[in-house]
Every structure is written in C-alpha cells, then in structure tokens.
Amino acid sequence: MLDPLLTAAGALLQPQNALLVILGNLMGLLFGLLPGITVLAAMSILLPFTIGLEPISAMYLFIGILGAGPFGGAVTAILFNIPGEPTSAAACFDGYPMTRRGEAAKALGLAAASAVFSSVLGLLVLIALIPMVRAIVYAFGPPEFFMLLMFGLATVAVAAPGNTMKGLVTAGLGVLISLIGYDPITGVLRFGLGSSNYLWDGVNLPAFFVGVFAVGEVIGYYVAGGTIVKGDIRVTGMLKGTLEGVRELFRHPRVFLQGSMVGSIIGILPGVGGTVSNFLSYTIAMQTSKNPETYGKGNPEGLVAAMSATNEDTGALLPTMAFGIPGSAGSALLLGALILHGFNPGPLFIKDHLEIVWALILGLLLANIIATTVGLAGANLLARLTTIDVKYLIPTILVISLLGAYADRENIWDVALAISTGVIAYGFTRFDFPIVTLVIGFVMGRLVERAFAQSLQMQLDPLIFFKRPISLLLFCLLVLLFVMPLVRQFIAARRVA
Amino acid sequence: MTGRFAFNLLLLVFAAYFVWSATNYEPQARMIPLVIGGFVLILQSWVTIMDGRTNSAPVEHAEGAPPADEANRVAALTGWMVLFFGLFMLFGTLAAIFLFILLFLGLRRDVHKWIAFAVAGGMSLVVWVLFVRLMRFELYPGVLFGGSLPSL
C-alpha cells in the first residue's frame, strides 16, 4: 500500500510531472471559463499528444485538467450568470445575485474554497470506499436511480423559489424539452418540430445552457443598461472579500458535507454526471434549509451546496479504475487515456497498478489546490469585470457564448437554438417563471424516463420500485419531502396559537 | 393583450403541442410525455387565469420596474442576434465576430469609432489565437466561402 503511494508521490515531485499538472490545470481553467466549451474538449485535444509521455506523466496532465474544471466553470457563472461548465450551472443561482450585490470577490472565494475542500473530502471518501465500490455500484440499479432522480425533481417542485405553481410548470416544460429527439426504447423521433435530422439526438445541452443562461442574461443587460453591479453598490475590499468568502464556507458545514457526499456518490454512479449532482445538491440544501425562500437571491449557502457537489470526478475515478465503467464524461476520457497507455482498468487494475491510482488521487489533490490558488489570486481582477459598462460586455459575451454553442457539435443550427432559447428564457425570468426548475427538469427528464423504462424491463411489475430496499428508502424520503412543509406549517400554526 | 398574457399563451400552446404530438406515438413512447404534458397544460391554464386576474395590479420586481420601451429593447437585441447568425452563416466565424462587434459598438453614439474597431479586432484576434492556433479548432468558414449547412 505504501510503496505505490511513495512511487506516485515521487513521480509528482519530479519537475516535469508537476509542470504537467500545472499546464493541465491552466488549460482546464481556460476551457472551464469559456461557456459551452468544456474541459472535455481540452482532454480530447491533448489525448493524442500524450502517447510519447510516460503513463504516469500523462495521467498527471489529464488529472490537472479535470481538477480545474469546477472552479473555472464557476467563475463566469458567478460573475455573469453564464456557467462555463454544465457542472457549475447551479452556481449561477446564488453566486450571481451575490455579484449584483457587489460581493463578487466573496462569491469567488467561497466557490474556490468549496471546490477544493469538497475535492479533498471526495478523495478521502474515494480512498475509504475502494474496498466497497463493487457493492455500491451494484446496489444502484435502474429502480434506485429512478427514485433518486424523482427525489431530485420532487425537491425542486417543493422548494422552487418564488411561485410554486410556475416552478412546477417550468420543471414540466424542462422535462418535455428533454424528451425531444430519438426515443431510446421505441426508436421513434418524438417532438421533432418538423426536423428529421437536427433534433434526432435531442436538444443539445451546451446550446440550451448558453441560451438559457448567457443569451437570456445578455438580453437582461441590454434592457437594464449600466453595469452588472447595480445601483450605488461599490465593489470594495476585494482581498478582504475573497478571504471572507473562504471563511463563509465554514459557517455552512452541514451543507458543505451534504454537497460533498452527493457529489461523491453521484460520481460513483455510472452515467449520471456532475450536471445532475450540483442541481441535486442544491435542491436538497434548499429543501432542508430553514430559509428556502432566500435561495436564488444570493444566499451563500446555495453557492456552497452547488460548488461542494462539483467533486463528482473524484467519485467517478472509482468505477473507472475498479470496473472500467466511467462515472462521468471526464472519467470516460480518462479511461480512454488509460487504455491508450496500455492499461486495462478493472478489478485487477487497482491491485496491479496501485501507483497509477495514487498518482490520480495525488494529482487531483494538487490540481484542485493550484486551481483554487489561481482562482483566489485572480478573484480581485475578475470581480472588476462586473463594473464595466454592459455595452462593451454584451457583444463580447454574446459572440463567445454563441461560438461556444457552435463549438460543441460544430453545428450552426445550435447557434440559432441558443438565440431562440435565450429569448424565451428572458420571458421566463421577466414573467416570474423560475429558470432553476426549467434547467433541472431538462437535465433530469430524459434520465428519469430511461430509468423508468429500464426498471420495467428488468421486471414487468410496477411495484419493483417498492420491493428493493434502497429504492423504497428513497421513495420514503420523497414522501417525507412533501410531508415536511406541512408538518412545519402545522408546528408554526401551533406556535402562533 | 399584455406581454405577460401573450407569454402565458405561448407556454400553453407549447404544452398543448407536446400533448397533441404524444397521442400519435406508441404507448411506451407516449406515456411519460402525455402525463407530464397534461400536467403542465393544466397548471399553465391555471397560471394564465390567475395572472390574468392580477394583471391590472402592478407587479413588483426586485430590481425595480422594467423600462417603458422594454419590448423594443428585447426586439432590438433579438434583431442584433439574428444579424450575428446571418453574418456567421454567410461570412464565417471570424468575419462575423469582427463585423458584429464593430457594428454593435460603432453605431452607438457614446462609443468612439476607434474603440469599436479595437474591441472588434481584439476579440477576433483572441478567438483566432485561442481556437485556431491553440485548440486547432475548425471555425465555420461561412456559406460564401465553402461552408455547408447541416440538414435540419
């Protein structure tokens, strides 16, 4: 156990490998900052160039990129309400209102601290879970997954900020939009809107996100004018604000631990990914908060919930290495890199190449520390961007965002999709329909339907969801979600009486 | 007809389209869309009625009242974005970025022409260095320069 750890640590101390982590990290931050372009693009670009490297060095480069993604993606989410990565989308909900209050530096500091500490916690969970990974992965079949997603959707419905009825409408619309495209069960194209090719794979997620967050927001800038920081609020005390943000994290230990656990567990489950984990963590935090009505209005707790669940890549390392089953898109690329370098991830991999496992763990730890350091150092400068007149920001943000929508699939119609989605998203915001529920419905919708169909394929019995202990437990929690507010109301009414 | 009512109607039509389309699919493919679509249709009908009732009362917004010419501003920016899409499609990525920023800023009275030119040129250069040189990304060349339009 100790020898492979020392081998990995020794390799990390070599200047070449340390530089590779830093290089990967900077690339991850850069790609994370660009809306619509994910760190996966950076990994894909670099994959062929790593063939000449030692396997352990190649892993350090890749893990450097992965480690930088969460914070890189959160920067634009917090400053401009435009997530750089889909996995940081939930950071918009409270991070951006904090920016509008002149607390950009604090929000960035809080996001950076949440990302790094949750990653460290995720790594500890990863190390602890190595002996139990098989049991965990096998315990989560389609029925459990379905109930987990239903639980996530239900939390949104119950705790939607603002008008609950409108929250339910947008959540439903999000689910419906997610169903557009090829139906994996029957093979038909549903809701094609006259398209026979473009919508086959469904509504493109990066283009949809660019539309909802970037274009919708830019329309808001254009209508309001001025600067992002509103009114007489001055962006002051940058360094103080950043450190205040780091300190703020320690005021929300429960939400932080909860989010980190959600991120780690979702990471372990193959095919779910970080987009689900940060929304799920956010909704659970909102539901369990004493002040759910403050979520979406710049509550630091919401930002902690969103950012602490971005550690899913640490959890995703586990099934990737132990079974060769990637838990996320990032770990799928990492799996490709491992195979390219002659490894066969699976049960024997952890036994035979423990030094690579440790290299990935140590590399991810270092990558997170570097990303946070760079982030905290740059928070001052980045926060100043919010004081620039929006007339300069509008065209620059628009072209970069729309280019990001195009870049994912190199399909020009994705630009048109982002524009039209953005105009409708502005309408949602303007007429008090919560965007948060729309996005969560969209992210989880198709997964819900697929898990439901797979569950019934396993056993043609609708009661399958109640016959399996974890699924049943999740169902009980779901029921509790609806009952809890009623109990609270009852208690409050009794207190008043 | 107010903007709020029109938007509510748009959402109703959207939900109705899903329900109507779903009825044509096989039972397995239509089950979830029908349930969710029907649910949204009912809720949105309720929201439309309730919003219609409170329409006469002014709606308070956390960030102050929207400007009187809000609809014109939204239409104007939508027009700008359609223009960007047209430029992108015809002339390709780099030319579209340069022309769009130049026109957007250059046509404003409160921005000096040279600043508009500098921002447009600077942004195009950043995109070229980042995407073409560093990422080796293939930018769209534009229909006029050999680019093809993917089928819809």
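**Briefing: chain A, its contact with chain B, and a helix pair**

In this predicted model, 46 residues of chain A are in contact with 53 residues of chain B, contact meaning that the C-beta atoms of two residues, placed from the backbone, lie within 7 Å. Residues are numbered from 1 along each chain as its sequence is written, and chains are lettered from A in the order in which they are written. Local features need pLDDT of at least 70 and side-chain atom pairs count only at pLDDT 80 or more, while totals for chains, interfaces and linings use all residues.

**The side of chain A that touches chain B**

- Helices α9 (164-178), α10 (205-224), α19, α20 and α21 (435-458) of chain A each supply at least two residues to this side; helices here are DSSP runs of H or I with at least four residues, strands are runs of E with at least two, and both are numbered from the N terminus.
- The most comes from α19(A), with 10 residues.
- By class, this side of chain A has 32 nonpolar, seven polar and seven charged residues (nonpolar: Ala, Val, Leu, Ile, Met, Phe, Trp, Tyr, Cys and Pro; charged: Asp, Glu, Lys and Arg; polar: the others, Gly among them).

**Helices α19 and α20 of chain A**

- The axes of α19(A) (residues 390-409) and α20(A) come within 8 Å and cross at roughly 135°; axes are lines fitted to C-alpha atoms, for helices over the stretch in contact, and angles run from 0 to 180 degrees between N-to-C directions.
- That angle makes α19(A) oblique to α20(A), since angles under 35 degrees count as roughly parallel, over 145 as roughly antiparallel, 65 to 115 as roughly perpendicular and the rest as oblique.
- On the α19(A) side, L402(A), A405(A), Y406(A), D408(A) and R409(A) meet D414(A), V415(A) and A418(A) of α20(A).
- This contact of α19(A) with α20(A) has five nonpolar, no polar and three charged residues.

**Two residues with positive phi**

- Most residues other than glycine have a negative phi.
- F191(A), not a glycine, has a positive phi of about 50° and lies in the loop between β2 (189-190) and α10 of chain A.
- F191(A) is buried, with 21 other C-beta atoms within 10 Å (buried: 20 or more; exposed: 12 or fewer; partly exposed: in between).
- E410(A), in the loop between α19 and α20 of chain A, has a positive phi near 55°.
- E410(A) is exposed, with 12 other C-beta atoms within 10 Å.

**Confidence**

- Chain A has a mean pLDDT of 80, and 88% of its residues reach 70 or more; pLDDT is the predictor's confidence in each residue, from 0 to 100.
- Among the elements of chain A, α7 (residues 133-139) has the lowest mean pLDDT (68) and α20 (residues 413-430) the highest (93).
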